[in-house]
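The following exercises ask you to read features off a model and to apply explicit cut-offs at each step. Work through each task before turning to its solution.

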Amino acid sequence: SNSVEHTTCCFIIDCNSMDIKWKGTDCKESILNVKFGPKSDMFVLVDDEYKVYIYDNKSRCNHDLYKPKLRVLTNIHKAKIMSIDFSKDSYFIQTSSADY
């Protein structure tokens, strides 16, 4: 059988110039939600395979060299992830899903 592996893209776009600053291709399934932390120093993606991708976004100040780094990939849920939220200091990330 011919199985085709696909990758979902996530773009970060400079709102002033409309230039694509980053194209993320870590997710293999549809991205369901994206959330930036309160200080914008990290962001989280969740996909259709119930995975949580946590990115370091500290390079955001240098728009020419913008390269978020994948810090953590977790697979802690067994059903669709419904929401993501950060604590005010970005120390904690909370996710909720249909499994609990």
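Patches are made of residues with over 30% relative accessible area and no salt bridge, where like charges are joined within 9 Å and nonpolar side chains (Val, Leu, Ile, Met, Phe, Trp, Tyr) within 5 Å; accessible areas come from the Shrake-Rupley method with a 1.4 Å probe, and for residues only the protein chains shown count as cover. This is a predicted model, in which local features need pLDDT of at least 70 and side-chain atom pairs count only at pLDDT 80 or more, while totals for chains, interfaces and linings use all residues. Residues are numbered from 1 along each chain as its sequence is written, and side-chain values use heavy atoms, with hydrogens and water left out.

**Exercise 1.** Identify the residues that make the nonpolar surface patch, and classify I20 as buried or exposed.

*Solution.* The patch, of about 410 Å², is made by F11, I13, M18 and I20. For the classification, buried means under 20% relative accessible area, exposed over 50%, and partly exposed in between (1.4 Å probe, protein chains only). I20 has a relative accessible area of 52% and is therefore exposed. I20 lies in strand 2, residues 20-24, strands being DSSP runs (E, at least two residues) numbered from the N terminus.

**Exercise 2.** Determine the strand order of the open sheet and name its edge strands.

*Solution.* Two strands pair if DSSP finds at least two bridges between them. On this basis the open sheet of 4 strands has the order 3-4-5-6, with antiparallel pairing. Strand 3 (31-36) and strand 6 (69-74) each pair on one side only and are the edge strands. Within the sheet, strand 4 (residues 42-47) is joined by 5 bridges to strand 5 (residues 52-56), and these two run antiparallel; V46 has V52 in strand 5 as its bridge partner.

**Exercise 3.** How many salt bridges does a search of the whole structure find, and which parts does the pair K35 and D85 tie together?

*Solution.* The criterion is a side-chain nitrogen of Lys or Arg within 4 Å of a carboxyl oxygen of Asp or Glu, and the search finds 3 salt bridges. In one of them the side chains of K35 and D85 meet at 3.7 Å, N to O. Because K35 lies in strand 3 and D85 in strand 7 (residues 81-86), this pair ties together parts that are 50 residues apart in sequence. K35 is partly exposed at 31% relative accessibility, and D85 is partly exposed at 38%.

The side chains of K51 and E49 meet in a salt bridge at 3.2 Å, N to O, and those of D56 and K58 at 3.9 Å. In the latter pair D56 is buried, with a relative accessible area of 19%, whereas K58 counts as exposed at 52%.
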